[in-house]
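The following note is offered to a colleague who has the sequence and the structure at hand. It takes up side-chain contacts and surface patches in numbered points.

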Amino acid sequence: MSWSFDAAPLMPLWLIALFGLGAGALALVSILAGLRGGWLRVGAVAALVLALINPVFQREDREALPSVVALVVDKSQSQALGTRTRETEQARAALARQIGALKGFELREVEVGTDRDGAGADGTRLFQALGQAFSDVPPERIGGVVMLTDGQIHDVPKDKAALGFDAPLHVLLSGREREIDRRVVVTTAPRFGLVGAEQKIAYRVIDSGAVPPGGRVKVTIRRDGETVTVQQVTPGQVANATVKITHAGDNIVEIEAEAIADELTTVNNRAVSTIEGIRENLRVLLVSGEPHAGERTWRNLLKSDASVDLVHFTILRPPEKQDGTPIHELSLIAFPTRELFQEKIKDFDLIIFDRYQRRGILPSIYFDNIARYVREGGAVLVASGPDPAGAGSLFRTPLASVLPAEPNGVVREEPFFPKVSTVGQRHPVTRALPGGASDPPQWSRWFRLIEATPSSGTAVMTGINDKPALILSREGAGRVGLLLSDHVWLWARGYEGGGPHGQLLRRLAHWLMKEPDLEEEALRLVQRGRDLVVERQTLGAEVKPVTITKPTGETLTAKLEQSEPGLWRTQTPARELGLWRVTDGERTALAHIGPPNPREFTDVLSSARPTEALAQSTGGGVRRLVQSGDQVTTPRVLPLRAGVTLSGSDWIGLKQTNASVLKGVDRYGFFTGLLGLALLLGAVSLLWWREGR
């Protein structure tokens, strides 16, 4: 409760002043003229002016508001090192008890440990989280801030004014004073690289703290978990690692330095760089044995793919046709068979034989070269025509050694719906083809099927009587596809509504050219938002549980759930920066979360330097929780009204504010009611009495 004096004029002040000056002047004239009762007239005028001004006493009923104190707890990854977590939790519990016991203070606890609340790829941001916690608190109500951290804060304001409030900042440090650490820092690294080319990564090994002087350091370079090379480098100097990009997609390169005895952590002894492998344009050789309706389908599809360089030859006139035309006039451009199938065959990523038959154009030695090319990593697709088992069949060449099925000479020419087989529903080439889920499929029919007896591979599509229509096979390091119908062009022409020829043929070609996303047996680890998704692609009916290893070395086992045929998934929150691993015992996948050099691990030594100047400017300070041994010591917390210094050797102060909220107001006037009337009547009566004598 508080009292104050105020006024509530009954008229505008200028009018009251004008009246008072006029009446006062007349009263003064009466005094100067020696008239009787002059001073009484002055008193009466003064009383009337006061009545018009209407002075009042005001009583305010106020309720004091508590001072708000923030206890900010750093739970970033660097706080998990050593005994810092234990020290911080003990100090948090002790301080919460002390501050909670103080009258007139409201405690707000703020935890900072993930990207959502301020710690992540951009470092530990305690002051950002503090601003959010104080967003609904007026600056005059803030009584102080206590931070429990290792001191590695990456958003420290430049000065006291930038804080936005006038209250002490106290920083209590976890960790020890003489810590040592070694870390690897990537200085330059390419983001992209051509598949098959080499890329250089520049890095440094940095020793921090009281590291004893030593010689060279052993550094291991890995690509996708496999050791590439081992180097000996000098700490502090820039070194280079040369790595070959072996596949399209992410190539994860690890650079790991050997540990120092008694160092704080080995998590930052490893730096990771992700280089995305980019293929040069895929080179495809398309050989059409004769002009036919489906030839343009292949050509249009391959020419529409910007990542494909197509070389296309069509045999318009078979050599056995004898009409006396000179050989040199049979073609506009000579078919460079020797150059294509002997000298430069390895330059192609895929060779397609479209309705090709033996007619003496390619000698047997070239087919032997093609078979060898497949076993050494190449790819061949055979799209059979109507005469697959005759003397001109490719199965009667050395290429038969890598073909997954032998034609039996039967060609079925009747309408049928090509269907995705049971195993094909799990294969990435044919899985979820639009229209394939219903029976019959929602696409047009084909009218020719070449019967063949499979000897290897997987039949992903079937035709009449469940005979194979599309067989995929691996031979040595290469791949082979056998399409046992030449009527896929009906889909492209829109016959009976058409079908998904583009998806099917494009997936087929890219599977043959070893597109990583189309591998039928694969384990992947992908970041999606704030989670890591483990994805297992398989043709099998069951999958094993996987083991996930976090950057800190902690492991967990996860069971995969089938999301669609052949595709199993699970996910886990990705709250730690660094390299994550997943394995099912046979396959291993890696994913790196955050930048190559995350600020969180740039410097992990406990230090007062980042916050010392700011804390002292607010009247607070910085001190360690552990002074000696392993005992955590928290300072006493004292409420203080004001002062330049708000901390001592064994205590910290919190500011008591004067903030309050108004509950009610009472006003008491001097010249209102009976009291005002009595005073005015008394003054007039006294004046009348004096005038009457």
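Is W446 buried or exposed?

1. W446 is buried, because its relative accessible area is 1%, under the 20% that marks the limit for burial. This value, like the others in this note, comes from a predicted model.

2. The ring of W446 pairs edge-to-face with that of F416, at 6.3 Å centre to centre and with 85° between the planes. F416 is found in the loop between β21 (405–412) and β22 (419–420), and W446 in the loop between β22 and β23 (449–454), so this contact ties together parts 30 residues apart in sequence. F416 also counts as buried, with 6% relative accessibility.

3. These two residues belong to a wider arrangement: F416, W443, W446 and W491 make up one aromatic cluster. The count of aromatic pairs in the model comes to 9.

4. A further aromatic pair is that of F447 and Y495, which is edge-to-face with 5.8 Å centre to centre and 65° between the planes. The pair links distant parts of the chain, 48 residues apart: F447 sits in the loop between β22 and β23, and Y495 in the loop between α8 (489–492) and α9 (501–512). F447 is partly exposed, with a relative accessible area of 25%; Y495 is likewise partly exposed, at 33%.

5. Turning to charged contacts, the model has a count of 43 salt bridges. In one of them, the side chains of E179 and R84 meet at 2.9 Å, N to O. E179 lies in the loop between β8 (169–173) and β9 (180–188), while R84 belongs to helix α3 (residues 84–101), so the salt bridge ties together parts 95 residues apart in sequence. E179 and R84 are both buried.

6. R355 and D486 also meet through their side chains in a salt bridge, at 3.0 Å from N to O. Since R355 is in the loop between β19 (350–354) and α7 (364–375) and D486 in the loop between β26 (478–483) and α8, the parts tied together are 131 residues apart in sequence. R355 counts as buried at 14% relative accessibility, and D486 counts as buried at 6%.

7. The closest N and O atoms of R536 and E521 are 3.1 Å apart, and the two residues form a salt bridge. R536 lies in strand β28 (residues 531–537) and E521 in the loop between α9 and β27 (522–528), so that the pair links parts of the chain 15 residues apart. R536 is buried, with a relative accessible area of 9%, whereas E521 is partly exposed at 28%. Through shared partners, salt bridges join E521, R536, K544, D584, E586 and R587 into one network.

8. Which residues gather in a patch of positive charge on the surface? They are R296, R299, K303 and R493. Of these, R299 is placed in helix α5 (residues 295–304) and is partly exposed, with a relative accessible area of 34%.

9. A nonpolar surface patch should also be noted: W14, L15 and L18 make one of about 340 Å². W14 is located in helix α1 (residues 13–32). This residue counts as exposed because its relative accessibility is 60%, over the 50% limit.

Key. Residues are numbered from 1 along each chain as its sequence is written. This is a predicted model: local features need pLDDT of at least 70, side-chain atom pairs count only at pLDDT 80 or more; totals for chains, interfaces and linings use all residues. Side-chain values use heavy atoms; hydrogens and water are left out. Patches are made of residues with over 30% relative accessible area and no salt bridge: like charges are joined within 9 Å, nonpolar side chains (Val, Leu, Ile, Met, Phe, Trp, Tyr) within 5 Å. Accessible areas come from the Shrake-Rupley method with a 1.4 Å probe; for residues, only the protein chains shown count as cover. A salt bridge is a side-chain nitrogen of Lys or Arg within 4 Å of a carboxyl oxygen of Asp or Glu. Lys and Arg count as positive and Asp and Glu as negative; His and the chain ends are not counted. The place of a charge is taken as NZ of Lys, CZ of Arg, CG of Asp or CD of Glu. Helices (H or I, at least four residues) and strands (E, at least two) are DSSP runs, numbered from the N terminus. Buried means under 20% relative accessible area, exposed over 50%, partly exposed in between (1.4 Å probe, protein chains only). Rings of Phe, Tyr and Trp (its six-membered ring) pair if their centres lie within 6.5 Å; planes under 30 degrees apart count as stacked, over 60 as edge-to-face and the rest as tilted.
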